[in-house]
Amino acid sequence: MKVLFLDVDGVLNMHNSGGPKTLNRNRLRLLQKIIVTTGCNVVISSSWRKSHFYLSLLGRSLKYRNISIHSITRDLSDLNLLRGDEIKDWIDRHLDVEQYAIIDDTDEMLDSQQAYFVQTDPNIGLTNDIASRIIQILS
């Protein structure tokens with residue numbers, strides 16, 4: 001199974017426009033391109049997974065583009081762990097992961113994840129170049 005660990009803020013929206021919880025159509029189209037091209041499953045690693053309201057909003061926006069949320073990572077922040085630790089926890093519990101990529105605007109990844117991680121600029125979000133890099137990682 002191919003998996004894309006997806007952050008939302010700073011990836012599908014930009015911190016400097018539209019408000020922090022406004023999903024950008026162009027960024028959603030680029031996400032759709034990644035998924036269609038690679039056939040990957042989407043696992044939400046974003047803080048949006050902690051809110052039923054925001055997770056629902058994200059689910060509806062993705063469903064409109066025929067994208068489904070496969071899973072979410074567990075929230076291990078109470079243990080003072082990084083997002084990379086939460087992703088490692090998810091991978092360790094899903095032994096059928098063959099390839100994965102991580103897209104996030106913060107660098108909270110483990111050293112072992114750096115080859116699979118692409119960081120976005122939170123003021124720009126997902127770009128064509130970043131989408132191409134994610135496709136390359138998952139191909």
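Begin with the sheet of this predicted model: select its five strands, which form an open sheet in the order β3-β2-β1-β4-β5 with parallel pairing. Next, highlight β3 (69–72) and β5 (117–119), the strands at the edges. Each has a single partner strand, so one side of each is left without a neighbour in the sheet. Viewed from one strand to the next, the twist averages 25°.

Now restrict the selection to strand β4 (residues 99–104) and β5, which run parallel and are joined by three bridges. Within this pair, display Ile 103, which stands opposite Val 118 in β5.

Add helix α2 (residues 52–63), which packs on the sheet. The strands touched by α2 are β2 (41–44) and β3, and the direction of the helix makes about 155° with that of β3.

Then turn to a pair of helices: select α1 (residues 25–38) and α4 (residues 128–138). Their axes come within 10 Å and cross at roughly 20°. Angles under 35 degrees count as roughly parallel, and α1 and α4 are therefore roughly parallel to each other. The crossing in which α1 passes α4 is right-handed.

To inspect the contact, show side chains on both helices. Helix α1 contributes Leu 30, Lys 33, Ile 34, Thr 37 and Thr 38; helix α4 contributes Asn 128, Ala 131, Ile 134, Ile 135 and Leu 138. Colouring these residues by class separates six nonpolar, three polar and one charged in the contact of α1 with α4.

Notes
Residues numbered from 1 in each chain as written. Predicted model: local features only at pLDDT ≥ 70, side-chain atom pairs only at ≥ 80, totals over all residues. Heavy atoms only, no water. Axes fitted to C-alpha atoms, helices over the stretch in contact; angles between N-to-C directions. Helix = DSSP H or I, 4+ residues; strand = E, 2+ residues; numbered from the N terminus. Parallel < 35°, antiparallel > 145°, perpendicular 65-115°, else oblique. Left-handed = near helix turned anticlockwise from the far one by under 90°. Contact = heavy atoms within 4.5 Å. Nonpolar A, V, L, I, M, F, W, Y, C, P; charged D, E, K, R; others polar. Pairing = 2+ DSSP bridges.
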